[in-house]
Amino acid sequence: MALIKDQVVEAQQFGVSAVSLCNASPSSERRILEGKFQLMFGNPETFVLDPKWRDMLQSTVFQNNLVGIVVDEAHQTPNWYAY
């Protein structure tokens, strides 16, 4: 998680709006769902197991506003694919 936090801070220093799903505050979560961030960091289980984020990945707001997703522990993704 510390690495993600550092990467979010570094992206923000370059003028990119970035957030981590792993420890997002309620106000950040609302802004995420509104499509206010360009770059989103998270781990596979956060994207796959939490219905809120799964649904967000399919939303028009997300598809129109987000530039990229950074998946921490991406080598674990195949383990979560079955969900």
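Let's start inside the fold: the largest cavity is lined by Ile32, Leu33, Gly35, Phe37, Met40, Met56, Val61, Phe62, Asn65 and Leu66. Two elements give two or more residues each to this lining, namely α2 (26-33) and α5 (60-65). Of the elements, α5 gives the most, with three residues. The space enclosed there comes to about 50 Å³, and the structure holds one cavity of 30 Å³ or more. Do keep in mind as we go that this is a predicted model.

From the cavity, it is natural to turn to the nonpolar side chains. The largest nonpolar core has eleven residues: Val19, Leu21, Ala24, Ile32, Phe37, Met40, Phe47, Trp53, Met56, Phe62 and Leu66. Apart from this core lies another one, of six residues, including Ile4, Ala18, Leu39 and Phe41.

Two residues of the largest core deserve a closer look, and Met40 is a good place to begin. Leaving out residues up to four places away in sequence, Met40 touches Val19, Leu21, Ile32, Phe47, Met56, Phe62, Leu66, Gly68, Ile69 and Val70. Our second residue, Phe62, is found in helix α5. Phe62 counts as buried because its relative accessibility is 13%, where the cut-off for buried is under 20%. With the same sequence neighbours left out, the contacts of Phe62 are Met40, Met56, Leu57 and Ile69. You can also relate Phe62 to Gln38: the two are 24 residues apart in sequence, and their C-alpha atoms are 9.3 Å apart in space.

Now step back to the sheet. Three strands form an open sheet, arranged in the order β1-β2-β3 with parallel pairing. The edges are taken by β1 (18-20) and β3 (68-71), each of which has a single partner strand, so one side of each is left without a neighbour in the sheet. On average, neighbouring strands of this sheet are turned by 20° against each other, direction ignored.

If you follow β1 towards its partner, you will find that β1 and strand β2 (residues 39-42) pair in the parallel sense over three bridges. Within this part of the sheet, Ser20 stands opposite Phe41 in β2. Finally, look for helix α1 (residues 2-13), which lies across β1 and β2. The direction of α1 is at about 170° to β1.

Terms used:
Residues are numbered from 1 along each chain as its sequence is written. This is a predicted model: local features need pLDDT of at least 70, side-chain atom pairs count only at pLDDT 80 or more; totals for chains, interfaces and linings use all residues. Side-chain values use heavy atoms; hydrogens and water are left out. A nonpolar core is a set of buried Ala, Val, Leu, Ile, Met, Phe, Trp, Tyr and Cys residues joined through side-chain atoms within 4.5 Å. Buried means under 20% relative accessible area, exposed over 50%, partly exposed in between (1.4 Å probe, protein chains only). Contact means heavy atoms within 4.5 Å. Two strands pair if DSSP finds at least two bridges between them. Helices (H or I, at least four residues) and strands (E, at least two) are DSSP runs, numbered from the N terminus. Axes are lines fitted to C-alpha atoms, for helices over the stretch in contact, and angles run from 0 to 180 degrees between N-to-C directions. On a 1 Å grid over the protein atoms alone, a cavity is a set of points where a 1.4 Å probe fits but cannot get out, and a pocket is an open set with protein on both sides within 12 Å along at least five of seven lines; lining residues have an atom within 4 Å of a point. Grid points are joined across faces, edges and corners, and a volume is the space filled by probe spheres set on the points.
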